[in-house]
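Here's a quick walk through one protein chain, aimed at someone who likes to think in side chains and distances. Take a look at the sequence and the structure first.

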Amino acid sequence: MIEADLYGHLSKDTTLTSLVADRIYPMKAPNGVETPYITYMNVSNIDITSIQGANYANKTRFQIDIFSKSYLETKEILGAVKSSMYQYKTQVHNFSSRDLYESDTELHRQLRSEEHTSELQ
């Protein structure tokens, strides 16, 4: 399962974990979690088939969110996430990111969207 692979990859990156420790969560962080932290989710998953109908690849789009009380810290963590994802095992393309601010929690948020294509075995 690609979500487990993604978590394993991010959680083993020592540069990234030096910034967020083990605070990398699927979908939603636990209430009251210390900042900074990362959440990730699969926002789309498309099977790619041949004209004969055989499924030969999978295209997955992930959203990775970085939350921190500091804008500069979110940018530092974003750099670590980018570096880590360039080493991820699938072909990566269509990176995008944007700055957000959560006024209800007073947290800076960096939203990162990534699309991965992987050939099926």
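What follows goes from the overall layout to the ring pairs, the charged pairs and two buried polar side chains.

## The overall layout

First things first: this is a predicted model. The protein chain has three helices and five strands. Reading from the N terminus, the order is α-α-β-β-β-α-β-β.

As for the bulk numbers, the protein chain has 121 residues, and 40% of them are buried. Its exposed surface comes to about 7000 Å², with carbon and sulfur atoms supplying 49% of that. If you take contacts between residues at least 6 apart in sequence, 55% of them join residues at least 24 apart.

## The aromatic cluster

There are three aromatic pairs in the structure. In one of them, the ring centres of Tyr-25 and Tyr-37 sit 6.4 Å apart with the planes at 70°, so this pair is edge-to-face. Tyr-25 belongs to strand β1 (residues 24-26) and Tyr-37 to strand β2 (residues 37-49), which puts the two partners 12 residues apart and makes the pair a link between distant parts of the chain. Both are tucked away: Tyr-25 is buried, and Tyr-37 is too.

Tyr-37 also pairs with Phe-67, and here the centres are 4.9 Å apart and the planes at 20°, so the geometry is stacked. Since Tyr-37 is in strand β2 and Phe-67 in strand β3 (residues 55-68), this pair ties together parts that are 30 residues apart in sequence. Tyr-37 counts as buried because its relative accessibility is 11%, and Phe-67 counts as buried with 11% relative accessibility. Put the ring pairs together and you get a cluster of Tyr-25, Tyr-37 and Phe-67.

## Salt bridges around Arg-109

How many salt bridges does the structure hold? The count is three. One of them joins Arg-109 and Asp-65, with 3.1 Å between the closest N and O atoms. It links distant parts of the chain, as Arg-109 is in strand β5 (residues 107-119) and Asp-65 in strand β3, 44 residues apart. Are these partners buried or exposed? Arg-109 has a relative accessible area of 17%, so it is buried, and Asp-65 is buried as well, at 2%.

Arg-109 has another partner in Glu-102, where the N to O distance is 2.8 Å. Glu-102 is partly exposed, given its relative accessible area of 23%. Through shared partners, the salt bridges join Asp-65, Glu-102 and Arg-109 into one network.

## The Asp-99 and Lys-75 bridge

Asp-99 and Lys-75 form a salt bridge too, and their closest N and O atoms are 2.9 Å apart. This one connects a strand to a helix: Asp-99 is in strand β4 (residues 91-102) and Lys-75 in helix α3 (residues 71-86), so the pair ties together parts 24 residues apart in sequence.

Asp-99 counts as partly exposed because its relative accessibility is 39%. Lys-75 is partly exposed as well, with a relative accessible area of 31%.

## Gln-110, a buried polar side chain

Gln-110 lies in strand β5. With 1% relative accessibility, Gln-110 counts as buried, since the cut-off is under 20%. What does its side chain have for polar company? A polar atom of the Gln-110 side chain lies 3.1 Å from the backbone oxygen of Arg-98.

Leaving out residues up to four places away in sequence, Gln-110 touches Ile-64, Asp-65, Ile-66, Thr-74, Lys-75, Leu-78, Ser-97, Arg-98 and Asp-99. That list brings back salt-bridge partners from the sections above, including Asp-65 and both Lys-75 and Asp-99.

## Asp-13, buried without a salt bridge

Where is Asp-13? Look in the loop between α1 (2-11) and α2 (14-20). Asp-13 is buried, yet it has no salt bridge. The nearest side chain of opposite charge is that of Arg-112, 12 Å away, whereas a salt bridge needs the nitrogen and oxygen within 4 Å.

The Asp-13 side chain does have a polar neighbour in the backbone: one of its polar atoms lies 3.0 Å from the backbone nitrogen of Thr-15.

Notes. Residues are numbered from 1 along each chain as its sequence is written. This is a predicted model: local features need pLDDT of at least 70, side-chain atom pairs count only at pLDDT 80 or more; totals for chains, interfaces and linings use all residues. Side-chain values use heavy atoms; hydrogens and water are left out. Helices (H or I, at least four residues) and strands (E, at least two) are DSSP runs, numbered from the N terminus. Buried means under 20% relative accessible area, exposed over 50%, partly exposed in between (1.4 Å probe, protein chains only). Contact means heavy atoms within 4.5 Å. Accessible areas come from the Shrake-Rupley method with a 1.4 Å probe; for residues, only the protein chains shown count as cover. Lys and Arg count as positive and Asp and Glu as negative; His and the chain ends are not counted. A polar contact is a pair of N or O atoms within 3.5 Å; within protein, one must be able to donate a hydrogen and the other to accept it, and residues adjacent in sequence count only if both atoms are side-chain atoms. Rings of Phe, Tyr and Trp (its six-membered ring) pair if their centres lie within 6.5 Å; planes under 30 degrees apart count as stacked, over 60 as edge-to-face and the rest as tilted.
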